[in-house]
Amino acid sequence: MATFFDALDEKHIAMIAQQPVFFVATAAADARINLSPKGYDAFRVLGPNRVAYLDLGGSGNETNAHLLADDNGQGGRITIMFCNFQQPAQILRLYGRGNPVLPWESGWDELAGHFTLLPGTRQIFDIAVESVQTSCGYGVPLMELKQERQALVKYHAQADPVEWKGKFMRAKGSIDGLPTRVTDRYIAGE
């Protein structure tokens, strides 16, 4: 049975801290729903009603486009889901409003201070959590993490900064043609 909460509590935060993967879902009117898995040490709980995650350049920038297109003045709709692949079975969803924060924007330094920046970091998503939902997760299999994939970080670490910047500056739209805000900074990582 699903249970809703107004904010994250210590049990929720502890469950989140144990998960090696999370899923991000966004939608904009007349566009495809985007659902993306995320790994690495890229998620932070900043308070009971605020979370953030570090985003690396990838094959698209759908979350950025959807949050901008769906923005009601408080950010676009976003759902983050965690599944406990160990015991106890549980699914945890965070429903809220998010904004992409790029390296030159107000708020970047404060958000970036919570992370070890990875090669290829292009933005940080700042999310105001409106509600938290837990459910049983009995249908989720038991699984063990073998290791993180290093391919994306390695790809970005080996990139020529000028070529990287050019590639990601050209990615100004989503797969449905929605505009994105793109970074003009190559971050080599810390």
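Two strands are said to pair if DSSP finds at least two bridges between them, and the strands themselves, like the helices, are DSSP runs numbered from the N terminus (helices being H or I of at least four residues, strands E of at least two). The structure is a predicted model, in which local features need pLDDT of at least 70 and side-chain atom pairs count only at pLDDT 80 or more, while totals for chains, interfaces and linings use all residues. Residues are numbered from 1 along each chain as its sequence is written, and side-chain values use heavy atoms, with hydrogens and water left out.

The strands β7 and β8 offer a starting point, for they run antiparallel and are joined by 11 bridges. Strand β7 also runs antiparallel to β6, to which nine bridges join it, and a hairpin of five residues makes the connection from β6 to β7. Arg 93 can serve as a marker across these strands: this residue of β7 is the bridge partner of Met 81, and Arg 93 also stands opposite Gln 133 in β8.

From the strands we turn to the charged side chains. With a salt bridge taken as a side-chain nitrogen of Lys or Arg within 4 Å of a carboxyl oxygen of Asp or Glu, the count comes to 10 salt bridges. One of them joins the side chains of Asp 55 and Lys 38, with an N to O distance of 3.4 Å; this pair links distant parts of the chain, since Asp 55 belongs to strand β5 (residues 50-56) and Lys 38 to strand β3 (residues 34-38), 17 residues apart. Both of these residues, Asp 55 and Lys 38, are buried, a word used here for a relative accessible area under 20%, as against exposed for over 50% and partly exposed for values in between (1.4 Å probe, protein chains only).

Asp 55 also meets the side chain of Arg 122 in a salt bridge, at 2.6 Å from N to O. Here too distant parts of the chain are linked, with Asp 55 in strand β5 and Arg 122 in strand β8 (residues 121-135), 67 residues apart, and Arg 122 is buried, as is Asp 55. Lys 38, Asp 55 and Arg 122 are thus linked in a network of salt bridges.

A further salt bridge is formed by Asp 70 and Arg 97, whose closest N and O atoms are 3.4 Å apart. Asp 70 lies in the loop between α2 (62-69) and β6 (76-84), whereas Arg 97 lies in strand β7 (residues 90-101), and the two residues, 27 apart in the chain, link distant parts of it. Asp 70 and Arg 97 are both buried.

Helix α2 itself contains Thr 63. Is this residue, Thr 63, buried or exposed? Thr 63 counts as buried because its relative accessible area is 5%. Leaving aside residues up to four places away in sequence, Thr 63 touches Val 24, Thr 26, Asn 34, Tyr 53, Ile 78 and Phe 125, where contact means heavy atoms within 4.5 Å.

The cysteines remain to be considered. A disulfide is a pair of cysteine sulfur atoms within 2.5 Å, and the structure holds zero disulfides. Cys 83 is in none, the nearest cysteine sulfur being that of Cys 136, 11 Å away. Why is there no bond between Cys 136 and Cys 83? The sulfur of Cys 136 has its closest cysteine sulfur in Cys 83, and the 11 Å between them is too far for a bond. Cys 83 counts as buried at 7% relative accessibility, whereas Cys 136, at 31%, counts as partly exposed.
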